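Here are some exercises to work through with the model open in your viewer. Try each task before reading its solution.

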Amino acid sequence: MTNSAITTSGLRKAFQDKVVLDGIDLDVRAGTVFALLGPNGAGKTTMVNVLTTLLKADGGTIRVAGHDVATEANAVRAAIGVTGQFAAVDELLTGRENLQLMVDLGRAKNGRETVARLLERFDLAEAADKSASTYSGGMRRKLDLAMTLIGNPRLIFLDEPTTGLDPRSRRTMWSMIRELVAGGVTIFLTTQYLDEADQLADRIAVLDHGRLVAQGTPDELKRQIPGTHIRLRFGTAAELDAAARIFPGSTRDDEALALRIPGDGGTASLRALLDRLDEHALGAEEFSVHTPDLDDVFLALTGHTTEVLAK
Ligand SMILES: Nc1ncnc2c1ncn2[C@@H]1O[C@H](COP(=O)(O)OP(=O)(O)O)[C@@H](O)[C@H]1O
Ligand SMILES: [Mg+2]
């Protein structure tokens with residue numbers, strides 16, 4: 001097996017004549033977090049379902065955990081864990097019983113011990129013997145993830161793991177995801193939250209109308225779009241005037257004595273900028289590179305407003 005946990009080439013999926021995934025190529029390196037970012041209806045769950053063998057693709061080559069999903073679906077299933085967009089928790093059972101059910105389905109050895117350890121780790125020990133119907137959304141999500149971890153999978157799919165969670169539960173989920181990655185697990189995550197992808201992912205792919213409109217590290221995505229700029233703050237209005245003259249295309253903020261100079265934030269352009277200041281014997285009191293957040297990235301790449309992302 002190579003170092004890829006997931007590779008797809010030309011992945012296509014349509015429902016009747018509605019094309020949902022239209023030729024997706026991606027490569028998820030083992031031991032990393034990959035975030036598939038897109039608004040509601042973009043095709044994220046469809047993608048997860050195809051990768052986890054719940055749905056058959058119409059075309060393309062897909063390898064997951066070293067196996068071809070079309071011909072070795074059982075081997076793929078044995079190697080992965082999936083936490084769906086809608087929690088798979090059985091509400092009629094207690095938390096402990098839900099976990100025990102996973103053990104009984106053959107997903108773990110030393111079941112009793114594993115269950116107790118997971119309840120502890122996910123802060124669910126106290127509520128372990130209460131019916132899951134009494135759990136909060138955050139507790140349900142945690143239980144769902146704990147159920148996924150029963151078989152100790154090395155590749156985990158998390159479909160919108162924090163949608164609908166309160167900020168605190170969201171942070172808990174994030175730290176659990178980070179813990180898993182620190183343990184060498186590969187995570188394929190979908191999200192409509194830009195900050196979540198930014199926080200967690202090594203690489204992000206932006207899904208829009210069936211295609212990946214961008215792929216890269218969070219920083220690479222930010223650099224692709226207009227809006228990155230260098231901000232210089234000067235000590236006096238005279239210096240600001242002088243600087244504004246040598247950087248045509250810059251925007252000035254007279255009140256803050258600051259100048260915004262468009263640029264890609266790369267080292268070459270920063271060096272050129274500093275050299276120009278030097279040539280004119282100008283020094284700034286403050287210097288910062290502003291990169292837009294992922295909100296801006298999505299807007300620039302897809303033309304959608306973020307309102308489409310809000311649920
Ligand atoms: N089983 C299905 N039959 C027909 N259309 C579907 C089915 N599943 C999903 N779709 C459609 O495919 C599109 C993508 O859905 P989905 O993958 O659930 O998006 P997301 O998870 O990004 O919100 C949507 O337009 C949805 O209505
Ligand atoms: Mg979905």
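Two strands count as paired if DSSP finds at least two bridges between them. Helices (H or I, at least four residues) and strands (E, at least two) are DSSP runs, numbered from the N terminus. This is a predicted model, where local features need pLDDT of at least 70 and side-chain atom pairs count only at pLDDT 80 or more, while totals for chains, interfaces and linings use all residues. Residues are numbered from 1 along each chain as its sequence is written, and chains are lettered from A and ligands numbered from 1 in the order in which they are written.

**Exercise 1.** Work out how E1 pairs with E2 and with E4.

*Solution.* Start with E1 (residues 4-15) and E2 (residues 18-29): they run antiparallel, joined by 9 bridges. For a checkpoint, find threonine 7, which sits opposite aspartate 27 in E2. Next, look at the hairpin of these two strands: 2 residues lie between them, and glutamine 16 has a positive phi near 50°. Finally, turn to E4 (residues 59-64), which pairs with E1 over 5 bridges, again antiparallel. Here serine 9 has threonine 61 as its bridge partner.

**Exercise 2.** Trace the open sheet of 6 strands and place H1 against it.

*Solution.* Read off the strand order, E6-E7-E8-E3-E9-E10, with mixed pairing. The edges are E6 (80-83) and E10 (211-216), each pairing on one side only. Then zoom in on E3 (residues 33-37) and E8 (residues 186-191), a parallel pair with 5 bridges. Valine 33 has isoleucine 187 as its bridge partner there. Last, add H1 (residues 44-51): this helix lies across E3, E7 (155-159), E8 and E9 (203-208), at about 155° to E7. That angle is taken between N-to-C directions on a scale from 0 to 180 degrees, with axes fitted to C-alpha atoms, for helices over the stretch in contact (C-beta atoms, placed from the backbone, within 7 Å).

**Exercise 3.** Which residues surround ligand 1, and which element gives the most to its shell?

*Solution.* List the residues near the ligand, meaning a C-beta atom, placed from the backbone, within 6 Å: Phe15, Val20, Gly38, Asn40, Gly41, Ala42, Gly43, Lys44, Thr45 and Thr46. Now assign elements: H1 gives the most, with 3 residues.

**Exercise 4.** Which residues are in contact with isoleucine 187, leaving aside its neighbours within four places in sequence?

*Solution.* Skip those neighbours, and you get Val33, Ile156, Leu158, Ile177, Leu180 and Val181. Val33 should look familiar: it's the bridge partner from Exercise 2.

Definitions and conventions: Two residues are in contact if their C-beta atoms, placed from the backbone, lie within 7 Å.
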